[in-house]
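Got your viewer open? Let's take a walk through this one together, one selection at a time.

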Amino acid sequence: KAKAQGRNGYAFYTEGMTAEAAEQLKLQSALHQAIINNDFYLVYQPKIHLASGQINGFEALIRWYDPKLGQISPADFIPLAEKIGLINDIGLWVLQAACTQGVNWLTQGLQFSRISVNVASLQLQKSDFVDKVRDILLTTGLPAKHLDIEVTESCMMTNQVAVIKDLKQLSAMGISISIDDFGTGYSSLTYLKKLPLDTLKIDQSFVKNIPFDSNNSAIAKAVIALGHALNLQVIAEGVETQQQADFLLQNNCDLAQGYLYSKPKLAEEVNEFLLPIRPT
Ligand code: C2E
Ligand code: MG
Ligand code: MG
Ligand code: MG
């Protein structure tokens, strides 16, 4: 029988294991090692103001390159990190790195409204999350008004009262809150009025093939209307074509993000997008 992942990150393989289980174990120990070796880095994808075409902000997205395994997608390792209790360490590293980069841009005189950081539900469940965010803002020197956190609807599935309280504290500090992948979760709409939200992100599955897919077009329109009725900003993710962008602008969507504008890029490559602050 296979022995489970050890505390110190060693995995044991046996012949009875399925190939998939062996693969998971390999990934697990590599992930432990990646934290120790600091093998993560961030890329940044611009968020575009549709009406003006200007850059509004950036979403920070984690990347992991393992010398043996190659590039591993966050869609694969973030759920694993949640499962094996590594998401808090990784998540704090992401926050720290993104805030540091934000200060870097600001001190170079480059302007942006906010950097968005994805925060996993499990991170929000931790009782010291707000304190940790406050510490990171203090030590990096990033003003809270330049930080946005993206949470998914699943954060409302457990410990609702505690999560609402945390998000309210973050919001009171000046951090904005976005709901990521909106419409794909299982939670009810009730949370929309309970949470201190600023932005709805229309999930990319609903942006696919608009305006040609009539269902998606209807959903996208409805989400924009819902968001605006609740005084929220609305952003569409996964925008790849000009037709999608035209449809979104016609329907008053505020912001867009996607390959049409830019793939996520290294911080150095992003510098060229940012306008220097003009002297007044
Ligand atoms: P997400 O937060 O919804 O991020 C959007 C994903 O769509 C990103 O994938 C981005 O690279 C990709 N994308 C952007 N524009 C386009 C486009 O035009 N077309 C298509 N097809 N895709 C586009 P990525 O970077 O692979 O991240 C996948 C997911 O992993 C993220 O979804 C997020 O849930 C999670 N993730 C990434 N970084 C972090 C992190 O630092 N912390 C946490 N907790 N989760 C993260
Ligand atoms: Mg996101
Ligand atoms: Mg998303
Ligand atoms: Mg997603």
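First, a bit of vocabulary: on a 1 Å grid over the protein atoms alone, a pocket is an open set of points with protein on both sides within 12 Å along at least five of seven lines. A molecule sits in a pocket if more than half of its atoms lie within 2 Å of its grid points. Now select ligand 1: it sits in the largest pocket.

Some housekeeping: this is a predicted model, where local features need pLDDT of at least 70, side-chain atom pairs count only at pLDDT 80 or more, and totals for chains, interfaces and linings use all residues. Residues are numbered from 1 along each chain as its sequence is written, chains are lettered from A and ligands numbered from 1 in the order in which they are written, and side-chain values use heavy atoms, with hydrogens and water left out.

**Stop 1: around ligand 1**

Show what surrounds ligand 1 (a residue is near if one of its heavy atoms lies within 4 Å). You should get 20 residues, with R63, D180, Q204, E240 and Y259 the closest. Which element gives the most to this shell? That's β2, with 4 residues. (Strands are DSSP runs of E, at least two residues, numbered from the N terminus.)

Next, look for polar contacts, meaning pairs of N or O atoms within 3.5 Å. Click E240: a polar side-chain atom there lies 2.5 Å from a nitrogen atom of ligand 1. At Y259, a polar backbone atom is 2.8 Å from an oxygen atom of the ligand. Over at N118, a side-chain N or O atom is 2.9 Å from a ligand oxygen.

**Stop 2: the magnesium ion, ligand 2**

Donors here are N, O and S atoms within 2.8 Å of the metal (3.2 Å for Na, K and Ca); water is not among the atoms, so sites may look incomplete. Select ligand 2 and you'll find E59, N118, E150 and D180 coordinating this magnesium ion at 2.0 to 2.2 Å. E59 lies in strand β2 and D180 in strand β6, so the pair ties together parts that are 121 residues apart in sequence.

**Stop 3: the magnesium ion, ligand 3**

Which residue bridges the two magnesium ions? Try D180: it coordinates both ligand 2 and ligand 3, which are 4.1 Å apart. Ligand 3 is coordinated by D180, D181 and E237, at 2.1 to 2.4 Å. Finish by colouring D181 in strand β6 and E237 in the loop between β8 and α10: this pair links parts of the chain 56 residues apart.

Definitions and conventions. A polar contact is a pair of N or O atoms within 3.5 Å; within protein, one must be able to donate a hydrogen and the other to accept it, and residues adjacent in sequence count only if both atoms are side-chain atoms. On a 1 Å grid over the protein atoms alone, a cavity is a set of points where a 1.4 Å probe fits but cannot get out, and a pocket is an open set with protein on both sides within 12 Å along at least five of seven lines; lining residues have an atom within 4 Å of a point.
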